[in-house]
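Colleague: Please take a close look at one part of this model for me, the nonpolar core. I would like one connected account, with the surroundings filled in as you go.

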Amino acid sequence: ATTALHLACARAHLETARALVDELGADATLVNDHGCNAAHFAAACDKPNTPVPTISAIIVSAPRCHDMP
């Protein structure tokens, strides 16, 4: 299923993504039914001037991402 973090990344909602990861411990490694994780949604965001590197930094800072190979 698509998570709140997926949606925040897809829509470039930086503060929401940061809160989900930092305050609520969202798992950035979860994938939806199509095999996409939060990083995929951030990269696919089609909003102009989307700060994808910033979103990516938030995702990578998620605790579970440190365990990824």
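**The nonpolar core**

Modeller: The largest nonpolar core has 14 residues, and Leu5, Cys9, Ala17, Ala38 and Ile59 touch the most other members. Four helices feed this core: α1 (4-10), α2 (14-22), α3 (38-44) and α4 (52-60) each supply at least two residues. Keep in mind that the model is predicted.

Now the frame around the core. The protein has four helices and zero strands. Along the sequence the pattern reads α-α-α-α. Of the 69 residues, 32% are buried. Take the contacts with a separation of 6 or more: 64% of them join residues 24 or more positions apart. The accessible surface is about 4,200 Å², and carbon and sulfur atoms hold 57% of that. As a general point, nonpolar side chains tend to be buried together in soluble globular proteins.

Start inside with alanine 38. Set aside its neighbours within four places in sequence. Alanine 38 then contacts Leu5, His6, Cys9, Ala28, Leu30 and Ile59. Leu5, Cys9 and Ile59 from that list are also among the core residues that touch the most other members.

Next, isoleucine 59. This residue lies in helix α4. Isoleucine 59 counts as buried because its relative accessible area is 5%, under the 20% cut-off. Its C-alpha atom is 9.2 Å from that of alanine 42, and the two residues are 17 apart along the chain.

Then the cysteines. Cysteine 9 has a relative accessible area of 0%, so it is buried. Cysteine 36 is at 26% relative accessibility, so this residue counts as partly exposed. A nonpolar core takes in buried residues, and partly exposed ones therefore fall outside the definition. The structure holds zero disulfides. Such a bond would be a covalent link between the sulfur atoms of two cysteines.

Last, a polar residue that is also covered. Asparagine 32 sits in the loop between α2 and α3. Asparagine 32 is nonetheless buried, because its relative accessible area is 9%. Leaving aside neighbours within four places in sequence, asparagine 32 contacts Ala1, Thr2, His6 and Phe41. His6 appears here and in the contact list of alanine 38 as well. Asparagine is not one of the residue types admitted to a nonpolar core, so asparagine 32 is not counted there despite being buried.

Definitions and conventions:
Residues numbered from 1 in each chain as written. Predicted model: local features only at pLDDT ≥ 70, side-chain atom pairs only at ≥ 80, totals over all residues. Heavy atoms only, no water. Core = buried A, V, L, I, M, F, W, Y, C linked by side-chain atoms within 4.5 Å. Buried < 20%, exposed > 50% of the residue type's maximum accessible area, 1.4 Å probe, protein only. Contact = heavy atoms within 4.5 Å. Disulfide = S-S within 2.5 Å. Areas by Shrake-Rupley, 256 points an atom, 1.4 Å probe, with all protein chains shown as cover.
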